[in-house]
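Here's a walk through a two-chain model, written for someone who likes to see the cut-offs. Have the viewer open as you read.

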Amino acid sequence: MTAPETSSGPRSAADWRARLDSAGAAEADFVAFTAWLEENPAHRAAFDQLDAVLADVDAQKEHLAGHKVVRFPVWKKTAAVAAIAASILAVFLVARPPSGPGPQTAWETRTGERKDVTLADGSVIHLNTATRVSVDFDHGARNARLENGEALFEVTPDANHPFTVTAGDQRIEVIGTAFNVLRHDGAIAVTVSHGVVRASATGKAEAATPARLIAGNLYSRREGESVYAVTMVDAGAATAWRDGRLAYDGAELSKVVSDLNRNFDTQVTLADAALGNLRFSGVLKLDSAEAVVRRLEGFLPISATPQGNGIVVRARDQ
Amino acid sequence: MPARDDLLGAYLALRADLIRFLTARLSDAAAAEDVYQDLYLRLQSAELPEAVPEPRAFLYKAAYNLANDRARAARRRAHRDQEWQDAGTYKVGDVPVADAPPVEDAIDARRKLLRVMEWIDALPPRCREVFTLHRITGVPHQEIASRLGITTKAVEKHMANAFRILGEKAESDTAQGRVSRDP
């Protein structure tokens with residue numbers, strides 16, 4: 001049986017899929033498609049093979065979109081941004097350009113304090129303890145600077161106005177939506193909760209290509225160095241501080257202590273640096289340095305004693 | 001309910017054609033009968049538009065969607081059985097344990113996402129725009145056409161082009177022995 005095809009008619013599985021997925025698919029198309037399938041068993045196999053690929057794409061739909069759909073009336077062609085996420089964001093884009101010239105604004109938190117700030121474009125910055133953030137929205141640009149500390153950025157997508165965060169010599173360009181940045185003691189850590197982020201060092205440490213991070217990625221680097229590491233983490237743990245908790249999965253005690261010291265005035269020190277290599281997994285409620293250290297004693301072979309205004313942690317006597 | 005009456009009339013009149021179509025699509029006569037029956041149940045229970053101008057095209061499209069779902073489910077089942085067999089070497093006592101550790105699952109999921117992103121990245125810009133709007137966001141061809149100021153034929157061409165490129169990408173992934181494909 002011969003298919004009633006014109007030279008411009010569908011010829012491959014891809015052509016047929018595009019035709020039949022359209023709302024304009026007519027009865028005649030399905031009859032011709034039947035004929036095409038009957039013509040050669042390989043045609044059905046090719047059609048199924050393509051469907052398997054589309055199943056792979058469909059399975060990632062939520063991650064690729066990352067946002068609920070906001071339809072907006074006028075479709076504007078966005079600048080050709082290579083990243084796929086950008087083209088997706090453009091779809092969900094709320095037509096809300098950053099408001100005109102505004103003064104540079106800064107916010108800070110004291111030790112133990114946390115604060116949420118909503119910006120003119122609807123983006124939200126959650127400041128963790130002892131953190132200073134400034135924002136410059138002049139001339140439609142969206143620039144934020146993390147002077148020190150830790151902040152979680154939830155960025156309102158706007159493909160025409162990229163959102164950039166600088167932390168020391170670290171530059172983070174937002175393609176997607178939510179990520180956490182920590183700058184402390186010369187270390188930078190960026191954890192992405194949603195969407196896609198481009199991270200690059202600036203100045204001397206600048207590398208040829210920026211790192212492209214997706215949800216669940218932890219990017220870490222020492223300031224001034226161009227070497228960075230990207231690992232897979234539980235992004236929920238990295239932002240647990242928003243609920244007044246710290247979550248760890250096999251973290252070194254030195255990291256836990258460093259986090260505690262950012263959160264409390266009472267400073268914890270390790271009597272022996274080797275103790276810093278002990279590993280801790282679990283969730284710590286941030287009530288007070290004393291209470292947290294007491295809980296850690298239950299998990300690790302350590303004992304804590306008050307000393308001056310701080311707490312000293314030693315190896316527990318066996 | 002005239003729309004439903006029209007459709008049920010067309011459903012019966014079109015039986016031979018739909019069975020032939022479904023048999024060709026699924027290469028399984030029994031499965032074709034199943035889907036034809038299923039289609040009837042859907043027509044009875046589904047919320048239908050006020051009027052269906054082309055009842056026959058409507059029925060073909062519905063049968064096409066049901067057949068695609070069925071083929072996809074069958075592949076998924078086959079894939080799971082295969083995984084179960086492959087994983088059967090992990091045993092606790094005499095009981096085969098097929099569960100991968102959650103961490104591996106998470107990494108595998110991440111890898112799959114990255115791979116799909118790579119595929120879509122490989123599309124030419126306008127083609128990617130159209131594909132993303134339709135497949136990811138679910139915007140109909142007609143609406144994409146009016147948004148982008150192109151014809152629905154051009155939308156269809158972009159979609160066909162995207163399908164072709166994605167298919168080639170996936171094939172070269174498989175050829176290079178990268179991640180095995182989901183059903």
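Among contacts in chain B between residues at least 6 apart in sequence, what percentage join residues at least 24 apart? The figure is 63%, where a contact means that two C-beta atoms, placed from the backbone, lie within 7 Å.

Some ground rules before going on. This is a predicted model, with local features needing pLDDT of at least 70 and side-chain atom pairs counting only at pLDDT 80 or more, while totals for chains, interfaces and linings use all residues. Residues are numbered from 1 along each chain as its sequence is written, and chains are lettered from A and ligands numbered from 1 in the order in which they are written.

**Chain B**

Chain B holds eight helices and two strands; helices (H or I, at least four residues) and strands (E, at least two) are DSSP runs, numbered from the N terminus. Along the sequence of chain B the pattern reads α-α-α-α-β-β-α-α-α-α. Of its 183 residues, 29% are buried. Buried here means 20 or more other C-beta atoms within 10 Å of the residue's own, exposed means 12 or fewer, and partly exposed is in between, with C-beta atoms placed from the backbone.

Take helix H6 (residues 125-136) of chain B: its 12 residues reach 15 Å from first C-alpha to last, close to the 16 Å expected at 1.5 Å a residue. That expected span is 1.5 Å times one less than the number of residues. Nine of the 12 residues of H6(B) are buried, so the helix is largely enclosed by the rest of the structure. Among the buried ones are Arg128(B), Glu129(B), Phe131(B) and His134(B). After H6(B) comes Gly138(B), with a positive phi near 80°.

**Helix H2 of chain A and the interface**

In chain A, helix H2 (residues 27-39) has 13 residues that should span 18 Å at 1.5 Å a residue, and its end C-alpha atoms are 19 Å apart, which agrees. Its buried residues are Asp29(A), Phe30(A), Phe33(A), Thr34(A), Trp36(A) and Leu37(A). They cover an arc of only 165° around the axis, so they sit on the same side of H2(A); the arc is taken over the directions from the helix axis to the C-beta atoms. As background, an α-helix has 3.6 residues a turn, so residues three or four places apart point the same way.

How do the chains meet? 43 residues of chain A are in contact with 50 residues of chain B. H2 is one of the elements giving two or more residues to the side of chain A that touches chain B, and helix H1 (13-21) and helix H5 (84-92) of chain A are also among them. The largest share of that side, 10 residues, comes from H3(A). By class, the side of chain A that touches chain B has 24 nonpolar, eight polar and 11 charged residues. Nonpolar covers Ala, Val, Leu, Ile, Met, Phe, Trp, Tyr, Cys and Pro, charged covers Asp, Glu, Lys and Arg, and the others, Gly among them, are polar.

**A small sheet in chain A**

An open sheet of three strands in chain A has the order S15-S18-S17, with mixed pairing; strands pair if DSSP finds at least two bridges between them. The edge strands are S15 (268-270) and S17 (302-307) of chain A. S17(A) and strand S18 (residues 310-315) of chain A run antiparallel, joined by six bridges. Across that pairing, Gln307(A) stands opposite Gly310(A), and Ile302(A) faces Ala315(A). Of the six residues of S17(A), the number buried is zero, so the strand lies largely in the open.

**Positive phi values**

Most residues other than glycine have a negative phi. Here are some positive ones:

| Residue | Phi | Place |
|---|---|---|
| Ala130(A) | near 45° | loop between S3 (124-127) and S4 (132-136) of chain A |
| Ser27(B) | near 45° | loop between H2 (15-26) and H3 (29-45) of chain B |
| Gly308(A) | near 60° | hairpin of S17(A) and S18(A) |

Ala130(A) is buried, with 20 other C-beta atoms within 10 Å, whereas Ser27(B) is partly exposed, with 16.

**Ala199(A)**

Lastly, Ala199(A) is in strand S10 (residues 196-201) of chain A. Ala199(A) counts as buried, with 24 C-beta neighbours inside 10 Å. Ala211(A) is 12 residues away in sequence, yet the C-alpha atoms of Ala199(A) and Ala211(A) are 5.1 Å apart.
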